[in-house]
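Trainee: I should like to study a single part of this structure closely and then see how that part fits into its surroundings. Would you please choose one and guide me through it?

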Amino acid sequence: MTKFTTFESRLVPFPIDNLDTDQIIPARFLKTISKEGLGDQLFYDWRYDTEGRPKPDFVLNKPESRTAQILLAGDNFGCGSSREHAPWALLQYGFRAVISTSFADIFRGNSLKNSLLPIEVPRDVHAELFGNPNATVKVDLAAQTLTLPSGRAVEFPVDPFARHCLVEGIDELGYILQQEPAIASFEAAHPAPINTAA
Amino acid sequence: MKPRTIIEKIWDNHIVSERPGAPALLYIDLHLVHEVTSPQAFDGLRARGLKVRRPDLTIATTDHSTPTTPRSFPIVDKVAAAQVARLEANCQEFGIRCFGLASEQQGIVHVIGPEQGMTQPGMTMVCGDSHTSTLGAFGALAFGIGTSQVEHVLATQCLLQSPSKTYQVRVDGALKPGITAKDIILSLIARIGIGGGTGCVFEYCGSAIRGLSMEERMTVCNMSIEAGARAGLVAPDDTTHQYVCGRPYAPTGAAWDAAVTGWRKLPTDDGAQFDKSINIDASTLEPMITFGTNPGMGIPITAMVPNPSDITDPLERDSLSKALRYMDLAPGKPLLGHPVDVVFIGSCTNARISDLRNAAKILKGRKVHSGVRVMVVPGSKQVKAQAQAEGLDQIFRDAGADWREAGCSMCIAMNGDQLQPGEYSVSTSNRNFEGRQGKGGRTFLASPLTAAASAITGVVTDVRTLLP
């Protein structure tokens, strides 16, 4: 895994609460068996008209959004389905972080496993950012700080293990595989309640 | 010993290791797999040269991209066909039992585990699907995971997890006629909102929950995720044991007795503390229905659609306005009497045999309103066979409803079953997000009773007016 480094970016403001994963990537695009091509389908039903043409007034279609790496979203971002296609699509569009006042649990976990950083901020910071949505902010994961356009650095919470994995480029599956002896001894002490192969 | 909740007991029983600075490594007793969220995980295994650690604790089926047209028809959608074929090929390659399209055990992943007796009290269960919370009805810790974690479990049978907060949902009192498990859960979500359970696992308890059948408990637990909770469970009792007993994968003989002894130790200890709690009086509930574009936007069926001008928080007000625009509904007006184009009876929330019996009870001897398209989609092939043995299929057909093959169908609209833009449906499924049932489609979530009643009248209907 590549290491998550400090970066600066302008924001893409998307002031909608409860953006669910069906909006982030509609279910009909989940029939794919690969991870490719999802960036173009991000927010598809909001982003394109019935003929499949980009809607010029939708925020992701604005030229300045194409180079931005941070989505500034409303409350409870990523609720609904467990589809990991949601963070895959956000990453493929070019996002490296999403800022919100809260995230749905599964989305948060899926994002961290793909180096998409969910940044949870208090309401006043959230409001300050929406007050100056075209400004640039700085994300420093190692320090767990978001530097606002005013120059004020605010701390954000991240699971310490997830931060360690992202900053050091550690792969979680590799970490679990190293614990094979513990897994084997657990299995020896706990007979399985079922056998699906029987 | 400190009194513990059932959630903490199951957690403690499955800790493989706890290292400082890292989440606990949690053992998973059953991994359910379907075609949509697994192909990239199997690719990950191949890329690393890994095997599936415990194929004997893994079960697969095909449900999401799966057509509900007769099984003798080919899958017309080539992309869907390739995905279904990939699942079967992956299962073959990695030695996993797959209840594929041709299997008599095929069905919605959250329906087949229980009917096979694979889902038992005290277990940890995961699936790359948020509605895995359904299986908590057995007094198990069951939750949805993403594809990366599907790969982790395939490879190691373990997950790195941090404990959730515990949230007690106590529902006491007797449900009135026409009020169901679906109305309990829609009412809870309307009260606490779709983020109200974030970071939590629910334990549903109280006399109303005890009085529910296993299938009804599954309906309640199914929608835990719609309140943002990772999981929701009901402590096992005689109802649970009786349901599991005698099913194909349930223990037998001395193993059964030993299992039940263990299950009786699971319920929450007296004096155990929950991080959060809420009480609901079941006797005050009405049939619930959603009016908006998330499952928290629900009201008692006789209530009025809320008015954005009554809301002070600007983002919340905008959300409601936006939802009403999408739904093309006027604030302050009743939903009762609103025209309906489609009725969908199905999904992991409400496609088990008791749900179909409820719908049939209303539809029997009546006709679907002209112009309403009604789809009844059983949750599994076994449910389908049982319904046909009871003659329910004939009741549905005689009423003018479409009786289909098992799958997720119009709940997620990946398989060709979908609403047309602008259409209104009353659906027994779990999500009313924009476009969930087809681009531009508009969903009212409700119980099978309410759905069947609305099918007959062609408008949103209070089932209590049609009860015998």
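Mentor: Two strands are said to pair if DSSP finds at least two bridges between them. Strands themselves are DSSP runs of E with at least two residues, helices are runs of H or I with at least four, and both are numbered from the N terminus. This is a predicted model, in which local features need pLDDT of at least 70 and side-chain atom pairs count only at pLDDT 80 or more, while totals for chains, interfaces and linings use all residues. Residues are numbered from 1 along each chain as its sequence is written, chains are lettered from A and ligands are numbered from 1, in the order in which they are written.

The part I have chosen is strand β5 of chain A, which covers residues 136–140. In a regular strand the side chains alternate between the two faces of the sheet. β5(A) shows this alternation: A:V137 and A:V139 point to one face and are buried (20 or more other C-beta atoms, placed from the backbone, within 10 Å of the residue's own; 12 or fewer is exposed, and in between is partly exposed). A:T136, A:K138 and A:D140 point to the other face and are not buried.

Next come the partners of β5(A). Strand β1 of chain A, residues 7–14, pairs with β5(A) in the antiparallel sense, and four bridges join the two. In this pairing, A:T136 of β5(A) has A:R10 opposite it. Strand β6 of chain A, residues 145–147, is also an antiparallel partner of β5(A), this time over three bridges. Here A:L146 of β6(A) is found opposite A:V139, a residue already described as buried. β5(A) and β6(A) make a hairpin, and four residues lie between them. In that turn, A:Q144 has a positive phi of about 55 degrees.

Both pairings belong to an open sheet of seven strands in chain A. The strands follow the order β4-β3-β2-β1-β5-β6-β7, and the pairing is mixed. At the edges are β4 (117–120) and β7 (153–155), each of which pairs on one side only. From one strand to the next the twist averages 30 degrees (axes are lines fitted to C-alpha atoms, for helices over the stretch in contact, and angles run from 0 to 180 degrees between N-to-C directions).

The chain around this sheet can now be described. Chain A has eight helices and seven strands. Its C-alpha atoms fill a box of roughly 60 × 45 × 25 Å along the principal axes, and 42% of its 198 residues count as buried. Of the contacts in chain A (C-beta atoms, placed from the backbone, within 7 Å) with a separation of 6 or more, 65% join residues 24 or more positions apart.

Positive phi values deserve a second look. Most residues other than glycine have a negative phi, and most peptide bonds are trans. A:F43 has a positive phi, near 50 degrees, although this residue is not glycine. A:F43 belongs to the loop between α1 (21–24) and α2 (44–47) of chain A. A:F43 counts as buried because 21 other C-beta atoms lie within 10 Å. In chain B, B:D328 likewise has a positive phi near 50 degrees, and its loop runs between α11 and β15 (342–345). B:D328, however, counts as exposed because there are 9 other C-beta atoms within 10 Å.

Finally, chain A meets chain B. Their contact takes 49 residues from chain A and 64 residues from chain B. The elements of chain B that give two or more residues to this side include α2 (39–48), α5 (147–156) and α11 (314–327). The largest share, six residues, comes from α5(B). α5(B) also packs against α2(B), at an angle of about 50 degrees and with 8 Å between the axes. Among the residues that meet there are B:G44 and B:L45 of α2(B) and B:V150 and B:L154 of α5(B).

Key: Contact = placed C-beta atoms within 7 Å.
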